[in-house]
Amino acid sequence: MSARPSSSRPLQAQDKLAFLLSLVPYLIDHEDVGVAEAAQHFGVTEEEMRRHVRLIAVSGLPGDSDSYLHNDLFDINWDEFEDNDRIVLTHSVAIDESPRFSARETAALLAGLQYLSALPENADRQALSTLMNKLARGASAPPSPVVVARARVDSALPVLREALVSRHQVEFDYRDAQGASERRTVDPLRLDSDDENWYLRGWDHARSAVRTFRLDRMSEVVATDRPASRGSDEVALSDTLFETSPEDLSVVVEVSESALPLLGDYLPEGTRTRPGRRPGVVEATLRVGHYHGLKRLAARLSGVVVVREPDQARTAVADWARQGLAAYGEQ
Amino acid sequence: MPSEAVPVEERLFSLVLALVATEHGLTKAEILSSVQGYRQRYKPGGDNASLERQFERDKDDIRELGVPLETIELASDAGNNQNLRYRIPKGAYDLPADVTFTPQETTLLNLAAEVWREGSLSSESHRALLKLRSLGVDAIEPTIGYAPRIRVREPAFEPLRAAIDKHVVVRFSYLKPGEDTATERTVEPLALIKHEGRWHLASFDRGRQERRTFLLSRIVGAVTTTRTAFTPPEGDAAAAALADLDRILANGRVRIRVVPGSDAETRLQRRAAETLADDEFVLNYSDSNLMADELASYGPEVVVLEPAHLRDRVVQRLRRVVADHEGTAR
């Protein structure tokens, strides 16, 4: 691979430059602003904000005599800064407007917007296309070609979103991977998506615990008029949709090395693999909640993944495929 | 080294300021001898080779941020690259005055940036948010309730994206769905498209002399970036490829029967393009092998009625699974 990494040094310096170039016009517009307020607006710590303001205050243009002269530097009201933690820019040089977005930055936001265009909030296609045009005009070069097809959104999404925002309980029939269906009562906490799949995370009343539900396994979704007992600000949610539990079963699979990404979330980041019996093949230990998910995974990746251990797992997979053949009148 | 006293961001910031302020441009010697972060290390009349390399890298980093750093060659200086001049035209640097965003739009852009949680798209969208914040508009509400995400798991993604931006030919080996051995491909990469949850590369295949679309998940091993440049075709390659993928999806039709009350019924019925009976409907698909993979995963819960070739592919997969899992291990 000869592609140069996006930067030969830690990306941090580039990000800091973007921050400095963005901070100057903000400080020009806000003639007198508290460090705390500015830090919050940019999502940085107050100390980071102070450090960058100090750097701006000593920066400027080189003079003819190869040294920097006072008038060619930015300046701030140092008393306000040191005594009252307030930023007052008193002199600025060279730049006064926000920088344009780069081609790649624009592409990232545009592709994100394309994906979000299916959300119920974005039913106003005109408003969205106005926003996308504006973004493209703010780019320094034509956006690089990365596009995302509009997400397929389940009809349950608007109902769940509405209940989440107004903090009401929802009820729905939920069919799990085993095929068992049950009516659930849930306080909606967050709607997650993972490519074309959408998930609800919520407080399951019957189980008194946070659970993750696939929207495409729900039916008869209704918002009730009962207030939710827990809001999203009261329950900590982890960043991973599925968490492993001590009761999970360990399964050893053999998989072509090149097909490892196809295992997706079954192979959490950092999972170690071992060399397999043939070149190009590796073994990995997966943690699964039950064999119902595993047999579907093995049947989807036929010829690519082979379950090695334990024997019960192999039997569950073989039986699943055999029943499938029987449905075609084969054996 | 004494140079460490000036932080990288201070040198880059000073360079941008100097190049925006100059009307006619600065020569490399002027920059290295006078700009903060370089001047401390500049040796008048001496060897400044490492400082010059530093300057080349800094230019790349600044351009990557979307700052239009220009190189100008005065007619009188033609051929003498010591006399190239550098500048940043302010008109091309400044965000146009009419590009402003409402609080609603700002909220939506914040959410669009959150969609990327890995790789270069994540750092770039966060950098774009910094620039957006310089306009001083706050989002109306924190985007509570949604945590949308597009995955970028495929290692081929970053090198392909870099090659697309540089318009250079790439080589990789490709394991076509349904085939056992990978083949070597040499292509002009044009666009990356996420469609039906999968990343695709739209390209011109040099070996086959036609447009080809590849699945990133099927690229085996590393992508080799060559030095061979190509001229991208006119028009919006990404939009054209997306339209192609939509058309292919609409043309692929499979009629299936599902077991009532099964997981397959709940999950597949809502994707039905046409419902023929309570337990019988038509799905669209773009690749017959990938569709066969998905339908095989449902085991006995789904039976493919037609087309016959798809039915055969599913049966073939199930047979293979039985063969691979019969008997005890080892």
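Student: Which domains does the domain assignment of chain B give?

Tutor: This is a predicted model. The domain assignment of chain B starts with domain 1 at 2-93 and domain 2 at 95-152. Then come domain 3 at 157-234 and, to finish, domain 4 at 252-325.

Student: What distance separates the centres of domain 1 of chain B and domain 3 of chain B?

Tutor: Take the centre of each domain over C-alpha atoms. Domain 1 of chain B covers 2-93, and domain 3 covers 157-234. The separation between their centres is 36 Å.

Student: How many helices and strands are there in chain B?

Tutor: Count both kinds of element. Chain B has 11 helices and 13 strands.
Its C-alpha trace spans about 80 × 50 × 45 Å along the principal axes of chain B. So the answer is 11 helices and 13 strands.

Student: Is chain A more spread out or less spread out than a compact globule?

Tutor: Chain A holds nine helices and 16 strands. For 331 residues the globule rule gives 20 Å, but the radius of gyration of chain A is 27 Å. That is well over the rule, so chain A is more spread out.

Student: What box do the C-alpha atoms of chain A fill?

Tutor: The box is taken along the principal axes. Within chain A, the assigned domains are domain 1 (12-91), domain 2 (101-151), domain 3 (156-227) and domain 4 (249-327). The C-alpha centres of domain 1 and domain 2 of chain A lie 31 Å apart. The box for the C-alpha atoms of chain A is roughly 90 × 60 × 40 Å.

Student: Is α1(A) roughly parallel or roughly antiparallel to α6(B)?

Tutor: Helix α1 of chain A is residues 12-29, and helix α6 of chain B is residues 119-133. Their axes are 8 Å apart, at an angle of about 15 degrees. Angles under 35 degrees count as roughly parallel. That makes the pair α1(A) and α6(B) roughly parallel.

Student: Which residues of α6(B) make the contact with α1(A)?

Tutor: The crossing of α1(A) past α6(B) is right-handed. From α1(A) come A:Gln14, A:Asp15, A:Ala18, A:Phe19, A:Ser22 and A:Tyr26. The contact residues divide into four nonpolar, two polar and four charged. On the α6(B) side they are B:Arg127, B:Leu130, B:Lys131 and B:Arg133.

Student: Is α6(B) oblique or roughly parallel to α7(B)?

Tutor: Helix α7 of chain B is residues 157-166. Its axis lies 8 Å from that of α6(B), at an angle of about 60 degrees. Under 35 degrees would be roughly parallel, and 65 to 115 roughly perpendicular. That makes α6(B) and α7(B) oblique.

Student: Which residues of α7(B) make the contact with α6(B)?

Tutor: α6(B) contributes B:Gly119, B:Ser120, B:Leu121 and B:Glu124. The contact residues divide into two nonpolar, two polar and three charged. From α7(B) come B:Phe157, B:Glu158 and B:Arg161.

Student: Where is A:Pro310 found?

Tutor: The peptide bond from A:Glu309 to A:Pro310 is cis, with omega near -5 degrees. Strand β16 of chain A is 305-309, and helix α9 is 311-327. A:Pro310 is in the loop between β16 and α9 of chain A.

Student: Where is the place of B:Pro307?

Tutor: A cis peptide bond joins B:Glu306 and B:Pro307, with omega about 0 degrees. In chain B, β13 is 302-306 and α11 is 308-325. B:Pro307 is in the loop between β13 and α11 of chain B.

Notes:
Residues numbered from 1 in each chain as written. Chains lettered and ligands numbered in written order. Predicted model: local features only at pLDDT ≥ 70, side-chain atom pairs only at ≥ 80, totals over all residues. Heavy atoms only, no water. Domains from an automatic or database assignment. Axes fitted to C-alpha atoms, helices over the stretch in contact; angles between N-to-C directions. Helix = DSSP H or I, 4+ residues; strand = E, 2+ residues; numbered from the N terminus. Parallel < 35°, antiparallel > 145°, perpendicular 65-115°, else oblique. Left-handed = near helix turned anticlockwise from the far one by under 90°. Contact = heavy atoms within 4.5 Å. Nonpolar A, V, L, I, M, F, W, Y, C, P; charged D, E, K, R; others polar. Rg over C-alpha atoms; globule rule 2.2 N^0.38 Å.
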